[in-house]
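Welcome, and please load the model in your viewer. We will go from stop to stop, with a selection to make at each one.

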Amino acid sequence: MSTSPGSTARWRVGVDSGGTFTDICLFDEATGRIEVWKVPSTPDDPSRGIAEGVEQGMKRVAAEGGAIVYFGHGTTVATNALIQHRGVKTGLVTTDGFRDLLEIGRQKRPDLYDIQADKALVLVPRDLRLEVPERVLYSAEIATPLDERAVRAAARTLKAADVKAVAVSFLYGFLRPDHEMRAVAILREELPDAFISAGHAIAPEFREYERLSTVVLNAYLGPVMARYIKRLAPRLESLGMTAPPHLTQSNGGVIGFAGAADMPVRTILSGPATGVVGAQAIGRLAGFEDLITFDMGGTSTDVALLQGGQCRLASEATVHGYPIKAPMLDIHTVGAGGGSIAYIDEGGLLKVGPRSAGADPGPVCYDKGNQEPVTTDANVVLQTLNPRHLLGGRMKIRQDLARQAVGRLAKRLGLGLEETAQGILSVVTANMARAIRVISVQRGHDPRDYTLMAFGGAGPLHAARLARELDIKRVLVPANPGILCAMGLLLTDLRADFAGTRLLPATDDSVGEVSAGFAALAERAGQWFAHEAIAASDRRLARTTDMRYEGQNYELAVPVPEGPITSQTMRTLTVRFADAHRQRYGFAPEADPVQVVTLRVEATGIVAKAELKSHPDAGPDASGAIAERRPVWLAETRGLVDTPIYARDRLRPGNRFAGPAIVEQMDATTLVPPGMTARVDRWLNLILEAT
Amino acid sequence: MKLSAVDPITVEVIGAAMSSIVEETGETLIRASHSTNIKERRDCSTALFNAAGETLCQAEHIPIHLGSFLDLIPHIMRRYPTQDIRPGDAFIGNDAYEGGGTHLPDIVIAEPIFIDGKLAAWTVNLAHHADFVDRGHAHIYQEGLRIPPVRLYRSGELQKDVLDLVLLNMQVPKERLSDLRAQMAANRVGVQRFQALAAKYGTDTVLSAGGALMDYAERKMRNAIAAMPDGTWRFEDVFDNEEVAGTLALAVELTVRGDAMSLKFDAPEQMRAGINMTMTALLATTYYVVKSVLDPSIPPNAGLARPLQVEAPLGSILNCVSPAAVNGRLQTCQRVADMILGALAQPVPERVMACSNSACTVAYFIGKKPKDGSTWVYLETIGGGSGARSAKDGLDGVHVHTTNTSNLPVEALEIEYPLTLLRYELVEDSGGVGQYRGGMGLRRVYQATHDCRVRVDLTRQRSQSWGLFGGGAGANGKVEAGPGVTFDGDQAVLKAGQWFALVTPGAGGFGPPAQRDPAAAARDLAEGAISAATARGVYGVGD
């Protein structure tokens with residue numbers, strides 16, 4: 001790590017690049033100073049917006065790129081490419097007889113009852129799925145050697161079809177990767193410019209379809225991510241930054257740029273996972289550990305549930321219809337946000353999204369050519385959003401254009417202008433409530449037991465109405481809601497997960513192999529620590545094994561005791577596993593043989609974290625923070641109400657005020673509707689409660 | 001108990017909580033089980049019932065399993081006075097005539113849920129045990145052990161004599177024992193979660209909400225029926241499989257009057273074959289189809305059945321009486337499901353689909369494990385084409401209608417059984433032609449690595465899945481035997497190294513093929529979904 005000469009500042013930089021805005025959070029390890037900055041995203045090349053934002057942010061704190069000691073980044077590049085099917089033309093090379101597996105999947109239909117439902121688009125069409133003679137058996141024996149000429153012929157077919165990426169996945173490739181490795185080598189010779197991904201490297205676990213789906217997705221997204229990183233890295237270097245940049249993975253941990261370029265599939269939830277990590281840190285500080293996070297951005301909205309401060313981690317999930325084998329936080333995403341376009345459907349009903357105007361052209365009020373009203377335009381019409389400018393005055397807007405656009409819908413609906421704008425917001429609220437039910441009620445949690453943490457550029461504006469819809473009593477709006485994701489990158493330790501599948505009996509006979517397995521994982525973790533320049537005293541390793549009774553196909557995670565692996569360790573593991581099984585399932589057939597399936601090491605590098613300052617109580621009087629008053633159209637009164645507009649940066653801990661009120665700050669606007677009271681806690685969080 | 005009115009938000013929250021409970025019990029069953037049919041293929045279901053035996057909520061697993069659940073609690077209540085039922089009792093049953101089941105391998109375990117000393121509800125689950133194979137199907141006595149509802153646990157205590165009796169009649173007792181334990185574990189979760197729900201909201205509120213949800217389902221169903229035109233529509237099809245000579249004529253007459261619907265089925269007398277359906281199987285099939293077409297979002301509880309009246313001649317293959325054999329009833333259920341769609345195509349063509357593969361193609365294997373000589377049994381079902389829709393092609397290679405089991409991953413199959421999968425693929429030209437193409441069937445090729453016996457259960461070999469409004473029929477189902485393999489009816493002996501293939505039927509098309517978008521036909525040709533001959537001859541595409 002290096003800092004610029006003559007300076008003692010050590011800046012940690014978090015950047016969250018969303019569909020609409022790019023958020024930058026800067027934290028000086030030396031002084032504890034925090035600065036936030038926000039610039040419009042540049043969807044044609046997101047790296048441009050990031051570099052510009054970082055440059056501007058660093059200028060604000062009068063620092064050079066060389067003073068950056070850590071750069072963490074959450075990105076939606078992979079997710080957006082998947083949602084919009086903008087990955088590259090991809091080919092598949094697979095075992096003879098099994099090319100249709102990608103399409104058949106697990107042979108279940110997409111919806112049990114809805115006969116109009118369709119499967120997710122198959123990312124490799126049938127004519128680009130090529131079979132080659134080869135076959136490995138479950139015993140890892142080779143039944144049919146790889147036909148290398150067939151691989152070469154397949155490579156040439158794919159080259160002629162001008163594919164940009166190739167996935168290679170053979171039966172049992174996770175067990176004996178020889179054929180996949182050879183096929184990859186041949187493909188590299190024939191298609192030197194293509195991105196090539198193999199099952200054994202991306203998801204070395206059993207169940208061929210889920211592995212195939214993961215590797216195909218990785219190939220499909222690979223060139224998109226590579227292009228992104230290739231543009232971003234030099235831009236950061238040209239700012240003088242020498243610290244290695246990181247990307248957030250779907251599990252909330254971080255990965256280096258090279259790793260991300262190889263495994264884009266592990267970053268599919270990068271952006272939203274970053275937000276969950278940020279919410280977790282803020283919630284812990286503020287004393288709210290049972291949270292539902294509501295991260296509403298311009299293009300999409302992510303919700304997650306934290307019980308006791310923890311978000312469920314899944315080792316496999318289906319994302320936008322595609323099974324992915326990778327550790328992921330349990331986050332639910334809907335394609336609706338501040339930029340979602342409102343329209344009238346063929347049945348005459350008002351609908352909002354999933355089409356979005358994004359950042360460019362953006363809402364009608366941006367005056368960049370869009371004519372169709374979006375959620376933001378509705379708020380501008382009602383004046384819940386500032387009708388003259390956004391981003392703390394940095395961006396002028398045209399309310400008249402927003403009124404015209406919403407007015408066109410109002411005319412077709414036969415409703416008033418404000419009623420139509422409010423209707424748009426009601427539809428959005430109902431969509432959001434449905435998303436939150438998925439992660440709460442459908443998982444057995446009652447949303448009424450949770451606090452809604454609202455962030456993202458549009459979250460605080462819609463949170464109170466959403467809370468009311470779900471009967472949630474409390475809403476927490478963090479100090480910097482618009483950049484919480486970026487800040488989350490600076491509030492968390494570095495984390496990486498390492499795993500290896502073994503399948504061994506949990507007996508004395510396996511002591512050697514388990515020991516060697518953990519040693520290998522610890523070595524990989526050690527390399528990662530070294531790469532991240534984590535001091536020996538700041539390194540933490542947690543070991544677990546996934547175990548099951550022979551004959552089962554699902555495992556339970558059992559923590560491994562400290563110290564060397566011995567016969568005693570194996571006995572302890574067996575006992576712990578039986579206890580876990582009994583607790584989970586109510587029985588434990590203790591005479592049955594137990595297997596160790598996967599060894600896991602979670603490596604944590606303790607780093608200096610941004611510490612949010614606690615502020616002294618300044619009393620309940622918030623009147624000093626009222627910057628102005630303006631008429632705001634409220635659903636509760638169905639008319640314009642003269643409403644105080646509070647400046648968020650002038651609100652002090654202990655301040656209290658009742659709705660209706662609007663709180664404006666550079667990165668977000670909060671609506672406090674009638675019937676709710678707002679108070680400021682000592683970390684400057686705004687807490688809204690029903691009165 | 002007099003139930004009070006509950007506000008709509010609470011009803012919705014409790015309804016979703018009950019869905020979560022049945023989903024969680026289902027996950028517990030799958031994760032703790034040992035047999036591939038449950039742990040990977042997920043051939044199981046879970047549900048909650050009220051004390052009267054009405055379905056409160058069924059998990060979205062396998063629609064036909066509702067048939068086994070429908071009559072179970074009433075059967076238990078008939079045999080055992082309520083005051084004799086205690087917390088910790090668990091009833092096991094499988095019989096089609098005395099236990100509420102639809103075929104013997106579906107073993108149900110039901111456990112009463114007591115709250116404040118009163119029987120408040122039941123948690124019930126069903127697992128299809130991969131056993132009961134290599135049997136006769138002239139009547140139910142040949143098909144395996146019949147279990148009326150009897151206690152497997154009494155006040156929390158295992159009734160070992162009952163368990164021993166059951167296990168002695170099983171071909172793979174160790175696996176059965178593990179799966180039965182998993183079923184018990186699932187019910188334990190169901191009991192705990194339901195009690196927690198009652199503790200949170202009050203038993204009265206939870207049960208009232210259950211009633212309100214049934215009323216809601218009924219209301220939605222009635223609204224959807226009322227939106228259809230009144231009238232009577234008839235549809236006919238035939239049934240064929242290896243167990244019956246020729247074809248059997250089946251028919252349905254569907255009448256809509258106001259907000260009620262009646263379905264009258266006609267079918268031949270029950271037969272000495274495994275194709276017979278109990279009335280509960282017919283009801284489960286009917287409820288499934290009507291809900292799918294009219295409103296897939298209707299909650300799956302007893303309320304949706306109230307506006308529906310279903311009749312079939314007693315003693316016919318669609319409403320059989322003891323001792324008819326029932327093991328292969330799913331083939332018949334699938335045909336009935338498509339027939340109902342055919343009738344509904346007349347009043348609401350835009351909401352139905354053409355005939356799907358109309359089958360649940362099954363392969364049963366039995367043999368001795370090479371390493372220790374113990375018996376192994378494996379069964380799997382294979383998807384096929386799904387019917388074309390009014391504005392979309394049908395789905396290729398999926399499970400349709402009353403079943404929805406996963407395939408077993410090749411890598412899981414081969415490690416457990418002495419079989420090797422040689423191919424698993426979509427079949428060219430198997431989807432019926434049309435403006436919208438019917439879904440393609442599947443071809444699955446098995447090779448024995450050690451000697452074993454196989455039995456296949458398939459249909460649509462002598463009939464085809466029909467298209468609608470000018471759409472063509474799907475291709476037949478068939479068995480392909482490799483060198484040296486001879487099928488005697490539906491059975492064969494496989495020697496090590498020999499292979500056979502099951503080819504499942506394609507589905508019917510929708511609309512005349514002349515109206516198919518030429519670009520879609522060209523894409524079908526490029527992808528090998530249709531042959532060059534079909535492309536040229538039917539669609540005029542290609543050279």
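Let us begin in chain B. Select B:Asp429, which counts as buried because it has 20 C-beta neighbours inside 10 Å. This is a predicted model, so treat each stop as a prediction. Colour the backbone around B:Asp429 and you will find this residue in the loop between strand S14 (419-426) and strand S15 (442-448) of chain B. Its phi is positive, about 65°, although B:Asp429 is not a glycine.

Now jump to chain A for a residue with a similar story. Select A:Arg207, in the loop between helix H6 (199-202) and H7 of chain A. Phi of A:Arg207 is near 95°, a positive value in a residue other than glycine. Is A:Arg207 buried or exposed? With 20 C-beta neighbours inside 10 Å, A:Arg207 counts as buried.

**Into the core**

From that loop, go on to helix H7 (residues 208-238) of chain A, which gives 13 residues to the largest nonpolar core, the largest share from any element. That core has 357 residues, and those that touch the most other members are A:Val166, A:Val216, A:Leu452, B:Leu48 and B:Ile340. Select A:Val216 and show its surroundings. Leaving aside neighbours within four places in sequence, A:Val216 is in contact with A:Thr90, A:Leu92, A:Leu102, A:Leu123, A:Val124 and A:Ala167. There is also a second, separate core of 26 residues, with A:Ala506, A:Val558, A:Val594 and A:Val601 among them.

**A covered strand**

Next, select strand S9 (residues 165-169) of chain A, where 5 of 5 residues are buried. Turn the strand and look at its two sides. In a regular strand the side chains alternate between the two faces of the sheet. Here A:Ala165, A:Ala167 and A:Ser169 point one way from S9(A), while A:Val166 and A:Val168 point the other way, and all are buried.

Add the partners of this strand. Strand S5 (residues 90-95) of chain A pairs with S9(A) in the parallel sense over 5 bridges, and A:Thr90 has A:Ala165 as its bridge partner. Strand S10 (residues 195-198) of chain A also runs parallel to S9(A), joined by 4 bridges. A:Ala165 is met again here, with A:Phe195 as its bridge partner in S10(A).

**Where the chains meet**

Show both chains and pick out the residues between them: 42 residues of chain A are in contact with 50 residues of chain B. On the chain A side, helix H3 (101-104) and H7 each supply at least two residues, and the largest share, 3 residues, comes from H3(A). By class, this side of chain A has 17 nonpolar, 9 polar and 16 charged residues.

**Two crossing helices**

Hide chain B and select helix H11 (residues 399-413) and helix H12 (residues 417-439) of chain A. How do their axes cross? They come within 8 Å and cross at roughly 95°, so H11(A) and H12(A) are roughly perpendicular to each other. The contact uses A:Arg403, A:Val406, A:Gly407, A:Leu409, A:Ala410 and A:Leu413 of H11(A), together with A:Leu417, A:Thr420 and A:Ala421 of H12(A). These residues divide into 6 nonpolar, 2 polar and 1 charged.

**Strands further along chain A**

Move on to strand S28 (residues 594-605) of chain A. Strand S25 (residues 494-505) of chain A pairs with S28(A) in the antiparallel sense over 10 bridges, and A:Ala496 is bridged to A:Ala603. Strand S26 (residues 539-549) of chain A is also antiparallel to S28(A), over 11 bridges, with A:Arg540 standing opposite A:Thr604.

Then select the open sheet of 4 strands in chain A, ordered S29-S30-S32-S33 with mixed pairing. Its edge strands are S29 (626-634) and S33 (668-672), each pairing on one side only, and the twist averages 30° from one strand to the next. Zoom in on strand S32 (residues 661-665) of chain A, which pairs with S33(A) in the antiparallel sense over 5 bridges; there A:Glu664 stands opposite A:Thr669.

**Two cis peptide bonds**

Finish with the backbone. A:Pro660 sits in the loop between strand S31 (656-658) and S32 of chain A, and the peptide bond from A:Gly659 to A:Pro660 is cis, with omega near 5°. Back in chain B, select B:Pro323, in the loop between strand S11 (308-311) and helix H9 (329-344). The peptide bond from B:Ser322 to B:Pro323 is cis, with omega near 5°.

Note on methods
Residues numbered from 1 in each chain as written. Chains lettered and ligands numbered in written order. Predicted model: local features only at pLDDT ≥ 70, side-chain atom pairs only at ≥ 80, totals over all residues. Pairing = 2+ DSSP bridges. Axes fitted to C-alpha atoms, helices over the stretch in contact; angles between N-to-C directions. Parallel < 35°, antiparallel > 145°, perpendicular 65-115°, else oblique. Contact = placed C-beta atoms within 7 Å. Nonpolar A, V, L, I, M, F, W, Y, C, P; charged D, E, K, R; others polar. Core = buried A, V, L, I, M, F, W, Y, C linked by C-beta atoms within 7 Å. Buried ≥ 20, exposed ≤ 12 C-beta atoms within 10 Å, placed from the backbone.
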